[in-house]
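Please look at the model below with the sequence beside it, and follow one helix and its surroundings from residue to residue.

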Amino acid sequence: MRKVFRTQGVCSQAIGYEVENGVVTACQFMGGCPGNTQGVAKLVVGRKVEDVVALLKGIVCRGGTSCPDQLARALEAEMNAGKVVAP
């Protein structure tokens, strides 16, 4: 099931992603800098959610956040809500 996270404080408007068995299986940023967001999306697919959060959380571009940080926040919120189960 594809989830959509509405971003705040960054150029991208939203992030679509899928997680199966604690692993990111799809990621797409809507808006933002295409080269950067496409690169981040490709790099996170196939990684464990907790690894993505650890790598991207706290990266700052402007306004105290960034597109990678927003993805980490989305995944962390889902993980904390118990929706992501690590393998």
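In this predicted model, helix 3 covers residues 67-80, and because a helix is expected to rise by 1.5 Å a residue, its 14 residues should span 20 Å. The C-alpha atoms at the two ends of helix 3 are 20 Å apart, which agrees with that expectation.

The two ends of helix 3 each have a feature of their own. At the start, a side-chain oxygen of Ser66 comes to within 3.1 Å of the backbone nitrogen of Asp69. Just after helix 3, Gly82 adopts a positive phi of about 80°.

**What surrounds helix 3**

The buried residues of helix 3 are Cys67, Pro68, Asp69, Gln70, Leu71, Ala72, Ala74, Leu75 and Glu78. Against which elements do the buried residues of helix 3 pack? They pack against three strands, namely strand 1 (3-6), strand 2 (12-20) and strand 3 (23-31), and also against two helices, helix 1 (34-44) and helix 2 (49-56).

Two packed helices are described by the angle between their axes and by the distance between those axes. For helix 2 and helix 3, the angle is about 140° and the axes lie 8 Å apart. Angles over 145 degrees would count as roughly antiparallel and those from 65 to 115 degrees as roughly perpendicular, and helix 2 and helix 3 are therefore described as oblique to each other. The crossing in which helix 2 passes helix 3 is left-handed. On the side of helix 2, the contact is made by Val49, Glu50, Val52, Val53 and Leu56, while helix 3 contributes Pro68, Asp69, Leu71, Ala72, Leu75, Glu76 and Met79.

**Single residues of helix 3**

Gln70 lies in helix 3, and is it buried or exposed? Its relative accessibility is 2%, and because buried means under 20%, Gln70 counts as buried. The side chain of Gln70 reaches the backbone nitrogen of Gln8 at 2.9 Å. When neighbours within four places in sequence are left aside, Gln70 is in contact with Phe5, Thr7, Gln8, Val10, Ile15 and Thr65.

Pro68 also belongs to helix 3, and at 15% relative accessibility it too counts as buried. Leaving aside neighbours within four places in sequence, Pro68 is in contact with Val40, Leu56 and Ile59. Of these, Leu56 is also listed among the residues of helix 2 that make the contact with helix 3.

Glu76 is a further residue of helix 3, and, with neighbours within four places in sequence left aside, it is in contact with Val53 and Lys57.

**Residues outside helix 3**

Thr37 has its place in helix 1, and at 6% relative accessibility it counts as buried. Beyond its neighbours within four places in sequence, Thr37 is in contact with Phe29, Gly31 and Cys67.

Cys11 is found in the loop between strand 1 and strand 2, where, at 37% relative accessibility, it counts as partly exposed. With its neighbours within four places in sequence left aside, Cys11 is in contact with Gly31, Gly32 and Arg62.

Asn21 sits in the loop between strand 2 and strand 3, and at 62% relative accessibility it counts as exposed. Most residues other than glycine have a negative phi. Asn21, however, has a positive phi of about 50° although it is not a glycine.

**Separation in sequence and in space**

For some of the residues described above, the table sets the separation along the chain beside the distance between C-alpha atoms.

| Pair | Apart in sequence | C-alpha to C-alpha |
|---|---|---|
| Pro68 and Gly9 | 59 residues | 12 Å |
| Glu76 and Arg62 | 14 residues | 20 Å |
| Cys11 and Leu55 | 44 residues | 20 Å |

Reading across the rows, Pro68 and Gly9 are 59 residues apart along the chain with their C-alpha atoms separated by 12 Å, whereas for Glu76 and Arg62 a separation of 14 residues goes with a distance of 20 Å.

Definitions and conventions. Residues numbered from 1 in each chain as written. Predicted model: local features only at pLDDT ≥ 70, side-chain atom pairs only at ≥ 80, totals over all residues. Heavy atoms only, no water. Helix = DSSP H or I, 4+ residues; strand = E, 2+ residues; numbered from the N terminus. Expected span 1.5 Å × (residues − 1). Buried < 20%, exposed > 50% of the residue type's maximum accessible area, 1.4 Å probe, protein only. Contact = heavy atoms within 4.5 Å. Polar contact = N/O pair within 3.5 Å; in protein donor to acceptor, adjacent residues only side chain to side chain. Axes fitted to C-alpha atoms, helices over the stretch in contact; angles between N-to-C directions. Parallel < 35°, antiparallel > 145°, perpendicular 65-115°, else oblique. Left-handed = near helix turned anticlockwise from the far one by under 90°.
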